[in-house]
Amino acid sequence: MTIVITAFERSPDGGKGLARDTRIRWALEEVGQPYDVRLVSFRAMKEPAHLALQPFGQIPTYEEGDLVLFETGAIVLHIAERHAGLLPGDPNPRARAITWMFAAVNSLEPPILELETARLLEANKPWNKERQPLVEDRVRSRMDKLSRRLGDANWLDGAFSAGDLMMVSVLLRLKSSGILDEYPNLAAYVARGEARPAYQRAFNAQLAVNKPPTG
Ligand SMILES: N[C@@H](CCC(=O)N[C@@H](CS)C(=O)NCC(=O)O)C(=O)O
């Protein structure tokens, strides 16, 4: 059954891999599943046809036959549960990998998104100068602990898993702030994720959509 995901017709990051379809593409590449992409404009995302797939009018979505999913954590978990390669077979390591997926979207992504909002959308507000350092420190508070937990390991819990895929995807959004580089082991962890052939294929596929036409 053909898998169809949605992605931005024109991604705000110009194809730097930060739009969340990249993590779905990455998961599908890791497990060797082909997929099609339906590109949606900002306007179409807020129209009834897309809202029926994604109630908040966002991308990505995932369709497989009559199954429709939204929320990247749920989509990656679905892919990882149905295809070998992203979750350990033993119940306890498997549960821990899923725990890291939740940690990525529940404990790391919220402060990182708050920082993005402060930097990109609130930079000109008169109160931003005072607020942004507070938001940065909330990110650092989580990064300190994640860095300590990872230590000098390659991945968060043994072999690479969907937990790492989600965590690396979330941490990538910190690159431009400079905060990721304050944590050499986390910067190296993200680089290891980006170096995976499956990530490279996913990145290049989303970049191709956003490349300006030549000629
Ligand atoms: N929690 C959602 C977040 C989805 C999300 O924020 N998508 C962004 C693109 S990366 C989006 O569609 N933004 C446009 C909008 O919210 O109008 C998930 O993980 O799937």
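Helix H1 (residues 21-30) is mostly covered in this predicted model, with 10 of its 10 residues buried; buried stands for under 20% relative accessible area, exposed for over 50%, and partly exposed for values in between, using a 1.4 Å probe and protein chains only. Those buried residues are Asp21, Thr22, Arg23, Ile24, Arg25, Trp26, Ala27, Leu28, Glu29 and Glu30. Helices and strands here are DSSP runs (H or I over at least four residues for helices, E over at least two for strands), numbered from the N terminus. Just after H1, Gly32 adopts a positive phi of about 70 degrees. Residues are numbered from 1 along each chain as its sequence is written, and because the model is predicted, local features need pLDDT of at least 70 and side-chain atom pairs count only at pLDDT 80 or more, while totals for chains, interfaces and linings use all residues. Side-chain values rest on heavy atoms, with hydrogens and water left out.

The strands around H1 come next. Strand S1 (residues 3-8) is also mostly covered, six of its six residues being buried. S1 runs parallel to strand S2 (residues 36-40), joined to it by five bridges; two strands are taken to pair if DSSP finds at least two bridges between them. Within this pairing, Thr6 has Arg38 of S2 as its bridge partner. From S1 the chain passes through H1 to S2 in a right-handed β-α-β crossover, a term meaning that, with the strands pointing away from the viewer, the path from the first strand over the helix to the second runs clockwise. S1 also pairs with strand S3 (residues 61-64), this time in the antiparallel sense and over three bridges. Here Ile3 finds its bridge partner in Glu64 of S3.

His50 offers a helpful view of the surroundings of these strands. This histidine lies in helix H3 (residues 48-51) and is buried, with a relative accessible area of 5%. Leaving aside residues up to four places away in sequence, His50 touches Thr6, Val40, Ala44, Met45, Gly57, Gln58, Ile59 and Thr61, where contact means heavy atoms within 4.5 Å.

Several residues already met return around the ligand. Its surroundings consist of Phe8, Ala19, Arg20, Met45, Lys46, Gln58, Ile59, Glu71 and Thr72, a residue being counted if one of its heavy atoms lies within 4 Å of the molecule. Lys46 places a polar side-chain atom 2.6 Å from an oxygen atom of the ligand. An N or O atom in the side chain of Gln58 is 2.9 Å from a ligand oxygen, and one in the side chain of Glu71 is 2.8 Å from a ligand nitrogen. Such polar contacts are pairs of N or O atoms within 3.5 Å; within protein, one must be able to donate a hydrogen and the other to accept it, and residues adjacent in sequence count only if both atoms are side-chain atoms.

Salt bridges add links across the chain. The whole structure holds 15 of them, each defined by a side-chain nitrogen of Lys or Arg within 4 Å of a carboxyl oxygen of Asp or Glu. Arg20 forms one with Glu109, the closest N and O atoms lying 3.5 Å apart. The two residues are 89 residues apart, Arg20 in the loop between S1 and H1 and Glu109 in helix H5 (residues 91-121). Arg20 is partly exposed at 24% relative accessibility, whereas Glu109 is buried at 8%. H1 takes part as well: the side chains of Arg201 and Glu29 meet in a salt bridge of 2.8 Å, N to O. This pair connects helix H9 (residues 197-210) with H1 across 172 residues. Arg201 is partly exposed, with a relative accessible area of 42%, while Glu29 is buried, with 19%. Elsewhere, salt bridges link Glu114, Glu122, Arg131 and Arg138 in a network.

Helix H7 (162-171) rounds off the picture. All of it is covered, as 10 of the 10 residues of H7 are buried, so this helix is largely enclosed by the rest of the structure. The buried residues of H7 pack against H1, helix H4 (72-82), H5, helix H6 (128-150) and H8. At the start of H7, a side-chain oxygen of Ser161 comes to within 2.9 Å of the backbone nitrogen of Gly163. Beyond H7, in the loop leading to helix H8 (184-195), Lys175 forms a salt bridge with Glu194, with the closest N and O atoms 2.9 Å apart.
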